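Trainee: I would like to go through this model step by step, starting with the overall fold and ending with single residues. Could you take my questions one at a time?

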Amino acid sequence: MKITKKIRITKSKFIKVRCPKCNAEQIIFGKATTRVRCLKCGQSLTRPAASKAKIKAKVLEVFK
Ligand SMILES: [Zn+2]
């Protein structure tokens, strides 16, 4: 079962992710350069990098 998939998102997109810890779904900004935490359990969903966010949660959907 694939839980965490490393995806690099370079364009400004909103993505729907699922928290790997509590399975809560959340919509985050794909280019977020700040740390995004799960609203429910506080698990980090992104790891901020220089110009792009590394998504640590499962990506369910990408909004254009
Ligand atoms: Zn969570």
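**Strands, core and loops**

Mentor: Let us begin with the overall content: the protein chain has zero helices and six strands. Please keep in mind that this is a predicted model.

Trainee: In what order do the elements of the protein chain run from the N terminus on?

Mentor: The protein chain holds six strands and zero helices, so the order can be written with one symbol throughout, given how strands and helices are defined here. From the N terminus on, the elements run β-β-β-β-β-β.

Trainee: What is the order of the strands in the open sheet?

Mentor: Strand S2, which covers residues 14-18, is joined to S3 by five bridges, and the two run antiparallel. Five bridges also join S2 to S6, again in an antiparallel manner. The edge strands, each pairing on one side only, are S3 (25-29) and S6 (58-63). The open sheet of three strands, with its antiparallel pairing, therefore has the order S3-S2-S6.

Trainee: Which residue of S6 is the bridge partner of Phe 14?

Mentor: Phe 14 belongs to S2, which spans residues 14-18, and towards S3 Phe 14 stands opposite Phe 29. Towards S6, where Arg 18 stands opposite Lys 58, the bridge partner of Phe 14 is Phe 63.

Trainee: Along S2, which side chains point to one face and are buried?

Mentor: In a regular strand the side chains alternate between the two faces of the sheet. Along S2, Phe 14, Lys 16 and Arg 18 point to one face and are not buried. The side chains that point to the other face and are buried are those of Ile 15 and Val 17.

Trainee: How many residues make up the largest nonpolar core?

Mentor: Buried residues make up 19% of the 64 residues in the protein chain, and the core is drawn from buried residues of nonpolar kinds. Its members include Ile 15 and Val 17, together with others such as Cys 19, Ile 28 and Leu 45. Counted in full, the largest nonpolar core has nine residues.

Trainee: Is Leu 45 buried or exposed?

Mentor: Leu 45 lies in the loop between S3 and S4, and, leaving aside neighbours within four places in sequence, its contacts include Val 17, Ile 28, Val 36 and Ala 57. The C-alpha atoms of Leu 45 and Ala 57 are 5.3 Å apart, although twelve residues separate the two in sequence. Because 26 other C-beta atoms lie within 10 Å of Leu 45, and 20 or more are needed, Leu 45 is buried.

Trainee: How many buried residues are there among the six residues of S6?

Mentor: S6 is one of the edge strands and pairs on one side only. S6 is hardly covered, and the count of buried residues in this strand is zero.

Trainee: Why does Asn 23 count as exposed?

Mentor: Asn 23 is found in the loop between S2 and S3, two strands that form a hairpin with six residues between them. Its phi is near 65°, a positive value in a residue other than glycine. A residue counts as exposed if 12 or fewer other C-beta atoms lie within 10 Å of its own. Asn 23 meets that limit because the number of its C-beta neighbours inside 10 Å is 12.

Trainee: And is Pro 48 buried or partly exposed?

Mentor: Pro 48 has its place in strand S4, residues 46-48, and its C-alpha atom is separated by 5.4 Å from that of Thr 34, 14 residues apart along the chain. With 14 other C-beta atoms within 10 Å, the count falls between the limits for exposed (12 or fewer) and buried (20 or more), so Pro 48 is partly exposed.

Methods: Residues numbered from 1 in each chain as written. Predicted model: local features only at pLDDT ≥ 70, side-chain atom pairs only at ≥ 80, totals over all residues. Helix = DSSP H or I, 4+ residues; strand = E, 2+ residues; numbered from the N terminus. Core = buried A, V, L, I, M, F, W, Y, C linked by C-beta atoms within 7 Å. Contact = placed C-beta atoms within 7 Å.
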